[in-house]
Amino acid sequence: MSEPNRLPDAAALRAVFSRFPTGVAVIGVRTASGASGGMTANALCSLSLNPLLVLVCFEREARTLPLVEEAGRFSVNILGENDEALAERFASKLGEAEKLSSVPHHDELGLPVLEASIAWLACTVKEVLPGGDHAIVIGEVDALGSRDGKPLVWESGRYARLATDPADQ
Ligand SMILES: Cc1cc2nc3c(=O)[nH]c(=O)nc-3n(C[C@H](O)[C@H](O)[C@H](O)COP(=O)(O)O)c2cc1C
């Protein structure tokens with residue numbers, strides 16, 4: 001173990017979380033006026049089973065956040081292991097509508113679901129809570145789906161894939 005860091009900063013906290021691999025998702029949104037958006041996110045967590053709640057943390061500057069607040073709804077699209085390019089697209093600052101327009105998707109309960117996703121959720125916003133420089137959006141799950149496929153992984157600040165267990169071969 002390294003010496004305790006009792007004056008931690010953002011870089012030190014990031015370094016700790018680089019040891020905590022996550023999946024990678026695209027949060028999708030479409031407002032009543034038809035504006036759409038999408039944002040790559042890994043600060044995504046299952047929160048409650050009764051009721052069915054999830055939470056997503058949005059940077060305050062994320063352009064997708066006001067769209068989600070306006071729509072009162074969002075989708076969660078969990079990306080497969082070959083979908084790094086999609087993750088980078090939705091992590092970019094391309095025009096919000098442009099991000100989604102050329103990506104194959106369909107609507108579920110009026111929310112964009114990417115054809116590439118290996119699992120998805122359609123959620124209604126229940127609460128938006130302050131969380132420092134982020135907003136914590138809690139959503140109730142209205143619909144979901146999944147298919148076979150391995151997830152894309154984010155670890156140590158880069159994309160990774162799960163190793164195949166030799167026992168499965
Ligand atoms: C792997 C990965 C995970 C990310 N996770 C989050 C996240 O959980 N919350 C967030 O606000 N931004 C996250 N980002 C950054 C956003 O995707 C990025 O700021 C994006 O440009 C936001 O798009 P928008 O401004 O169109 O909403 C992540 C980026 C990457 C590459």
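**Close-up views of the predicted model**

**View 1. Valine 56 and its partner across the sheet.** Valine 56 stands opposite valine 137, a residue of β10. The model shown here and in every other view is a predicted one. The strands that meet in this view are β5 and β10 (residues 134–146), which pair in the antiparallel sense over seven bridges.

**View 2. The hairpin of β4 and β5.** Follow β5 to another of its partners: strand β4 (residues 44–49) is joined to β5 by five bridges, and these two strands run antiparallel. Together, β4 and β5 make a hairpin with two residues between them. For a handy landmark, look for leucine 49, whose bridge partner in β5 is leucine 52.

**View 3. The shell around the ligand.** Here we turn to the ligand, which is surrounded by 19 residues. The closest are Ala41, Ala43, Glu59, Arg63 and Thr64. Which elements each supply at least two residues of this shell? They are β3 (36–41), β5 (52–59) and α3 (84–91). The most comes from β3, which gives four residues to the shell. By character, the shell residues divide into ten nonpolar, five polar and four charged.

**View 4. Strand β6, enclosed on both faces.** Six of the six residues of strand β6 (residues 73–78) are buried, so the strand is largely enclosed by the rest of the structure. Arg73, Ser75 and Asn77 point one way from β6, while Phe74, Val76 and Ile78 point the other way. Residues on both faces are buried, the arginine and the asparagine included.

**View 5. The partners of β6.** With which strands does β6 pair in the antiparallel sense? One partner is strand β2 (residues 25–30), joined to β6 by four bridges and running antiparallel to it. In that pairing, isoleucine 27 stands opposite valine 76 of β6. Another partner is strand β9 (residues 119–131), which pairs with β6 over six bridges, again in the antiparallel sense. There, serine 75 stands opposite alanine 122 of β9.

**View 6. The largest nonpolar core and leucine 79.** The largest nonpolar core has 31 residues. Those that touch the most other members are Ala25, Val26, Ile27, Val68, Val76 and Leu79. Two of these names, isoleucine 27 and valine 76, will be familiar from the previous view, where they stand opposite each other. Leucine 79 is a good place to rest your eye: not counting residues up to four places away in sequence, it touches Val24, Ala25, Val26, Leu86, Ala87, Ala116, Ser117, Pro151 and Leu152.

**View 7. A three-stranded open sheet.** Three strands line up here in the order β1-β11-β12, forming an open sheet with antiparallel pairing. Why is one side of β1 (22–23) and of β12 (158–161) left without a neighbour in the sheet? Each of these strands stands at an edge and has a single partner strand, so one side of each has no neighbour in the sheet. The link between β1 and strand β11 (residues 152–155) consists of two bridges, and the two strands run antiparallel. To find this link, look for glycine 23, whose bridge partner in β11 is valine 153.

**View 8. The hairpin of β7 and β8.** Strand β7 (residues 105–108) and strand β8 (residues 111–114) pair over four bridges in the antiparallel sense. Aspartate 107 has proline 112 of β8 as its bridge partner. The two strands form a hairpin with two residues between them. In the turn sits leucine 109, with a positive phi of about 50 degrees.

**View 9. Leucine 144 on strand β10.** Leucine 144 has its place in strand β10. Is this residue buried or partly exposed? With 16 C-beta neighbours inside 10 Å, leucine 144 counts as partly exposed. Leaving aside neighbours within four places in sequence, leucine 144 is in contact with Trp120 and Leu121. Alanine 119 lies 25 residues away along the chain, yet the C-alpha atoms of leucine 144 and alanine 119 are separated by 7.4 Å.

**View 10. Stepping back to the whole chain.** The secondary structure of the protein chain comes to four helices and twelve strands. Its radius of gyration is 17 Å, close to the 15 Å that the globule rule gives for 169 residues, so the chain is as compact as a globular protein of that length. The C-alpha atoms fill a box of roughly 55 × 45 × 35 Å, taken along the principal axes. Of the 169 residues, 29% count as buried. Among contacts between residues at least 6 apart in sequence, 68% join residues at least 24 apart.

Key: Residues are numbered from 1 along each chain as its sequence is written. This is a predicted model: local features need pLDDT of at least 70, side-chain atom pairs count only at pLDDT 80 or more; totals for chains, interfaces and linings use all residues. A residue is near a molecule or strand if its C-beta atom, placed from the backbone, lies within 6 Å of it. Ala, Val, Leu, Ile, Met, Phe, Trp, Tyr, Cys and Pro count as nonpolar, Asp, Glu, Lys and Arg as charged, and the others, Gly among them, as polar. Two strands pair if DSSP finds at least two bridges between them. A nonpolar core is a set of buried Ala, Val, Leu, Ile, Met, Phe, Trp, Tyr and Cys residues joined through C-beta atoms within 7 Å. A residue is buried if 20 or more other C-beta atoms lie within 10 Å of its own, exposed if 12 or fewer, and partly exposed in between; C-beta atoms are placed from the backbone. Two residues are in contact if their C-beta atoms, placed from the backbone, lie within 7 Å. The radius of gyration is taken over C-alpha atoms; the globule rule is 2.2 Å times the number of residues to the power 0.38.
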